[in-house]
Amino acid sequence: MIRTLVQSAFQTGCLSVASEGLIRQVLEMKGYEASDLEALTALYEAVNSGRIQREASDSCAMTLMPLSR
């Protein structure tokens with residue numbers, strides 16, 4: 001699921017609040033695979049470089065960080 005959300009963010013150039021929430025839920029439930037973490041790392045790098053914009057404000061949004069399993 002994370003890969004699909006990341007693909008959408010790359011296609012639109014924007015990471016929505018809803019997508020961030022879904023990513024958070026999947027991570028909390030530990031319902032992800034190694035390929036999801038790779039996609040999340042790519043998303044993290046794209047957000048940090050400005051290639052993808054976050055819809056959420058910095059004050060209330062989650063911080064995207066690469067995770068290790």
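Contact means heavy atoms within 4.5 Å. This is a predicted model, in which local features need pLDDT of at least 70, side-chain atom pairs count only at pLDDT 80 or more, and totals for chains, interfaces and linings use all residues. Residues are numbered from 1 along each chain as its sequence is written, and side-chain values use heavy atoms, without hydrogens or water.

Q: Which elements are included in what covers the buried residues of α3?
A: Helices (DSSP runs of H or I, at least four residues) and strands (E, at least two) are numbered from the N terminus. The buried residues of α3 (buried is under 20% relative accessible area with a 1.4 Å probe, protein chains only) are D36, L37, A39, L40, L43, A46 and V47. Their cover includes both helices and strands, namely α1 (2–12), β1 (14–15), α2 (17–29) and β2 (53–54).

Q: How far does α3 reach from its first C-alpha to its last?
A: Helix α3 runs over residues 34–49, and S49 lies within it. With 16 residues, its expected span (1.5 Å times one less than the number of residues) is 22 Å. The reach in the model is close to that expectation, at 23 Å.

Q: Which residue just after α3 takes a positive phi?
A: Helix α3 covers residues 34–49. Just after this helix, phi takes a positive value of about 90 degrees, and the residue concerned is G50.

Q: Which element gives the most residues to the largest nonpolar core?
A: This core (buried Ala, Val, Leu, Ile, Met, Phe, Trp, Tyr and Cys joined through side-chain atoms within 4.5 Å) has 16 residues, of which I2, I23, L27, L43 and I52 touch the most other members. The elements that give two or more residues to this core are α1, α2 and α3. The greatest contribution is 6 residues, and it comes from α3.

Q: Is K30 buried or exposed?
A: K30 sits in the loop between α2 and α3. Its phi is near 55 degrees, a positive value in a residue other than glycine. The relative accessible area of K30 is 63%, and a residue over 50% counts as exposed, with partly exposed in between. K30 is therefore exposed.

Q: What distance separates the C-alpha atoms of Q11 and I52?
A: Q11 belongs to helix α1. With a relative accessible area of 69%, Q11 is exposed. I52, in contrast, is a member of the largest nonpolar core. The two residues are 41 residues apart along the chain, while their C-alpha atoms are separated by 9.4 Å.
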